[in-house]
Amino acid sequence: MELLAEGIAKAVALLASLDQEVLAITLLSLKVSVTATIISLVLGILSGTLLALADFPGKRLMVSIVNTGMGLPPVVVGLFVTIFLWRNGPFGFLEILYTPTAMIIAQAVIATPIVTGITVASIQNLPANLRLQILALGATRLQMVRILIKEARLPLLAGVMAGFGGVISEVGASIMVGGNIKGYTRVLTTATVMETSRGNFDIAIALSIILLLLSFVINYVLTRIQQRERPR
Amino acid sequence: MKIWKQFSLLLAAVTACIAFGLPTPASAAPKSVILATTTSTQDSGLLDVLIPIFEKESGYFVKTIAVGSGQAMAMGKKGEADVLLVHSPDDEKKFMAEGFGVTRRLVMHNDFIIVGPASDPAKIRGAKTSADALKRIAQSGSLFLSRGDNSGTHAKEKKLWKTAGITPDGQKWYQQTGLGMGDTLNVAAEKKGYTLADRGTYLSIRKNLGLAILVEGDAKLLNVYHVIELNPAKWPKINAAGGKAFADFMVSRKVQELIGKFGVEKFGSPLFFPDAGKKPETLGL
């Protein structure tokens, strides 16, 4: 318990003194996870909408695969992304292993199925007649898709939160493809792991608290937006 | 529509903040050197002192991947690292013999210690040799935590068990954590078990542990670090010049002095002893 109090005190001290290193680590966490979330949103909403609206043989199998992907273990993603990005691997010429870019790629791989899965569910959850009605009013297919996505915006925001929450808190893939390099790829989660193994539990707790706060602030803003629009 | 406008405004704002608020070391990319090393050099904080100096002097950007000697050498064999700083002499010799490295130079040493709960249930305190201590642990069936991760420390531990004539694998009192040195010490402290640790990591995290040094000073417990430059003939993509620069840096007089001083202020004694240029025989190897 004493340790926890020390950790909280340390977190306050680190935040209050605007510790440069902690600030940089926090900003990098945010940068990597937000970028990965944006990429996963574009890919996920597009493929999710397509998957929800199209009819083709093997669709159920595809949806099952996407739903399985929602629980993709980050270390598995980390391992495969590492193998692909190795210098002597297929994408080695890009020279991006142990860079923030590699972390963004790994995190986007983790978040995309989450966004896709939630998109499929939320589009399919719209009233079945809505599509017919929109088309009957003379909309083109593209316009129809836009309206459907708009109608599904509340659950889609939940998808955004789930995707972001999944990647900002993730450590396995980040440490494998990023390497926890000081001042370059060290993020809140990997720094927490390292400080724990160094026995600096107070700093580890402080970093965890900062991570939780960050996560909370982002989700709070997203939730405010979501709930304001809630149909009453 | 409002919701999406708000949402995209938010996204744009966040993205802008991040894009402008962060210096990106990657964009100004100086050539990078991948240093694969052991967890002990990172957990002790030594690299935090040395690497900024090297980066400033050489202009290279160092990517330190702290993984343990076994994985570091595996990275070297695949050409995924430019220089190694490791402490697993037998495996290193094999590594050199197989032609993966071009030079291997002695950098520093410290020593391994056997730590355990102060109550010392296996009564190993005062054991003359490490082999004797391990025998007592085995006979009393006291918990022993092994790293089990093919690190230099793990390799040393296996050798010590062999010397003691004991096969610990599969025994109930023998557990493998699969973690780095710092984490394994934390586990040992929590479970009140014994473990083999390098003195540097132990000293640097001692404050929260409650584990005592029970056996030390045996010549078999010496922990020697070498810096290995990798062979660009095997893997042309290696940054050989950067690797050589780092290796030269580690054995330079100035850095050797820094290594000898590291930790004195905080712990009263150095964590590592500089050895560059010495013959391994003088260390009793």
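Guide: A residue is buried if its relative accessible area is under 20%, exposed if it is over 50%, and partly exposed in between (1.4 Å probe, protein chains only). The model discussed here is predicted: local features need pLDDT of at least 70, side-chain atom pairs count only at pLDDT 80 or more, and totals for chains, interfaces and linings use all residues. Residues are numbered from 1 along each chain as its sequence is written, chains are lettered from A and ligands numbered from 1 in the order in which they are written, and side-chain values use heavy atoms, with hydrogens and water left out.

Visitor: Why is B:Phe61 called buried?

Guide: B:Phe61 has a relative accessible area of 15%, so it falls under the limit and counts as buried. Of the 285 residues of chain B, 52% are in the buried class.

Visitor: What makes A:Tyr184 and B:Phe61 an edge-to-face aromatic pair?

Guide: Rings of Phe, Tyr and Trp (its six-membered ring) pair if their centres lie within 6.5 Å; planes under 30 degrees apart are stacked, over 60 edge-to-face, and the rest tilted. The whole structure holds 14 aromatic pairs over all chains. For A:Tyr184 and B:Phe61 the centres are 4.7 Å apart and the planes 80° apart, which makes the pair edge-to-face. It crosses between chains: A:Tyr184 is in the loop between helix 9 (172-178) and helix 10 (188-197) of chain A, and B:Phe61 is in strand 2 (residues 61-66) of chain B. Helices (H or I, at least four residues) and strands (E, at least two) are DSSP runs, numbered from the N terminus. A:Tyr184 is buried, because its relative accessible area is 6%.

Visitor: Why is the pair of B:Phe144 and B:Tyr174 called stacked?

Guide: The planes of B:Phe144 and B:Tyr174 are 10° apart, and the centres 6.1 Å. Both values meet the limits for a stacked pair. B:Phe144 belongs to strand 5 (residues 144-146) and B:Tyr174 to strand 6 (residues 174-176) of chain B, so the pair ties together parts that are 30 residues apart in sequence. Both B:Phe144 and B:Tyr174 are buried.

Visitor: What makes the contact between A:Arg198 and B:Asp48 a salt bridge?

Guide: A salt bridge needs a side-chain nitrogen of Lys or Arg within 4 Å of a carboxyl oxygen of Asp or Glu. The side chains of B:Asp48 and A:Arg198 are 3.1 Å apart, N to O, and the condition is met. B:Asp48 lies in helix 3 (residues 46-58) of chain B and A:Arg198 in the loop between helix 10 and helix 11 of chain A, so this pair joins two chains. A:Arg198 is buried at 9%, whereas B:Asp48 is partly exposed at 25%.

Visitor: How many salt bridges are found across the interface of chain A and chain B?

Guide: The rule finds two salt bridges across this interface, and 14 over all chains of the structure. With contact defined as heavy atoms within 4.5 Å, 39 residues of chain A are in contact with 43 residues of chain B.

Visitor: What makes B:Lys159 and B:Asp90 a link between distant parts of the chain?

Guide: B:Lys159 and B:Asp90 form a salt bridge, with the closest N and O atoms 3.3 Å apart. B:Lys159 is in helix 7 (residues 152-164) and B:Asp90 in helix 5 (residues 89-97) of chain B, 69 residues apart. Both residues are partly exposed, because B:Lys159 has 44% and B:Asp90 has 41% relative accessible area.

Visitor: Which class does each partner take in the salt bridge of B:Asp275 and B:Lys278?

Guide: The side chains of B:Asp275 and B:Lys278 meet at 2.9 Å, N to O. B:Asp275 is buried at 0% relative accessibility, and B:Lys278 is partly exposed at 41%.

Visitor: Why is B:Asn110 called buried, and what does its side chain touch?

Guide: B:Asn110, in strand 4 (residues 101-117) of chain B, has 1% relative accessibility and therefore counts as buried. A polar contact is a pair of N or O atoms within 3.5 Å; within protein, one must be able to donate a hydrogen and the other to accept it, and residues adjacent in sequence count only if both atoms are side-chain atoms. The side chain of B:Asn110 makes such a contact with the side chain of B:Asn223, at 2.8 Å. The backbone oxygen of B:Leu271 lies 3.3 Å from a polar atom of the B:Asn110 side chain.
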